[in-house]
Amino acid sequence: MRELLEAVAAGEVSPAEAQAELAGYATGEAGRFDAAREARAGVPEAILADGKTTAEVADLAATSVGTTGRAIVTRLDADALPAVRERLAEYDVEDRYHERARVLIAHTDRFERPELEATVGVVTAGTSDAEPAGEAAVLAREMGAQVERVDDVGVASIVRLLDQLPGLRELDVLIVAAGREGALPTVVAGLVDTPVVGLPVSTGYGHAGDGEAALDGMLQSCTALTAVNVDAGFTAGAQAALIARTVDAARSE
């Protein structure tokens, strides 16, 4: 502890970083940021913009960068982006906003993203599934996995999927996103010997068109399939990346 306090006194470590190391979290104006989540659970902490003011999102993003060297902000609308970027400017970050996925990633120059020798495939049934699928892809990449996208291969024209099967079978884990009745993950899981994470999407209309039918279909699948909640791209990406980490560890032995 003395070394940490001396580092704070010398300006080498910020008070927020010191608090995060000692308590496992840092407290800002907008709440407590779980800076130790990645070390504890393998999944980086992210800021969900939904339900927060722009000022709260910006404050939490600044706390994240100040304690971990990185910020991941999900469900961030483009009109809030300038204010968040302005707040992060004091940390001299490089950032990228994934517009379709509505995810902002910011890194300081001291942050080193992990690199895994494992590939996550992110598969979509249709273009309408791109937002949660994109969120999953960004998170898996931030956790170190290589990511390959295979888009618009829904079962309404299954030949599109069959054309992609040889490549899908070479990947280490698959996230398969689908709305409507959610059939694609079941079909894919029946054709590959790869772990499949089903991502139900709230696309469609009419009866159970808010993703409920897709979720029920994946939960009732007769294949070996794991399903996350509706539109839960972050969770799908995290689960797939944790599997990829295990694959990477096995290959390193």
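Two strands are said to pair if DSSP finds at least two bridges between them. The structure described here is a predicted model.

**The five-stranded sheet**

Strand E7 (residues 119-124) is joined in the parallel sense to strand E9 (residues 173-178) by five bridges. Within this pairing, Thr124 has Ala177 of E9 as its bridge partner. Both strands belong to an open sheet of five strands with parallel pairing, in the order E8-E7-E9-E10-E11. Strand E8 (146-150) and strand E11 (226-227) each have a single partner strand, so one side of each lacks a neighbour in the sheet.

Two helices lie across strands of this sheet, as the table shows.

| Helix | Strands crossed | Angle |
|---|---|---|
| H6 (residues 130-142) | E7, E8, E9 and E10 (196-200) | about 160 degrees to E8 |
| H10 (residues 233-252) | E7, E9 and E10 | about 165 degrees to E9 |

**Strand E4 and its partners**

In a regular strand, side chains alternate between the two faces of the sheet. Strand E4 (residues 70-74) has both faces covered: Arg70, Ile72 and Thr74 are buried on one side, and Ala71 and Val73 are buried on the other. Because five of its five residues are buried, E4 is largely enclosed by the rest of the structure.

Strand E3 (residues 47-48) runs parallel to E4 and is joined to it by two bridges; Ile47 has Val73 of E4 as its bridge partner. Together with helix H4 (residues 54-68), E3 and E4 make a right-handed β-α-β unit. E4 is also joined to strand E6 (residues 103-107), by four bridges in the antiparallel sense. Here Ile72 stands opposite Ile105 of E6.

Definitions and conventions. Residues are numbered from 1 along each chain as its sequence is written. This is a predicted model: local features need pLDDT of at least 70, side-chain atom pairs count only at pLDDT 80 or more; totals for chains, interfaces and linings use all residues. Side-chain values use heavy atoms; hydrogens and water are left out. Contact means heavy atoms within 4.5 Å. Axes are lines fitted to C-alpha atoms, for helices over the stretch in contact, and angles run from 0 to 180 degrees between N-to-C directions. Buried means under 20% relative accessible area, exposed over 50%, partly exposed in between (1.4 Å probe, protein chains only). A crossover is right-handed if, with the strands pointing away from the viewer, the path from the first strand over the helix to the second runs clockwise.
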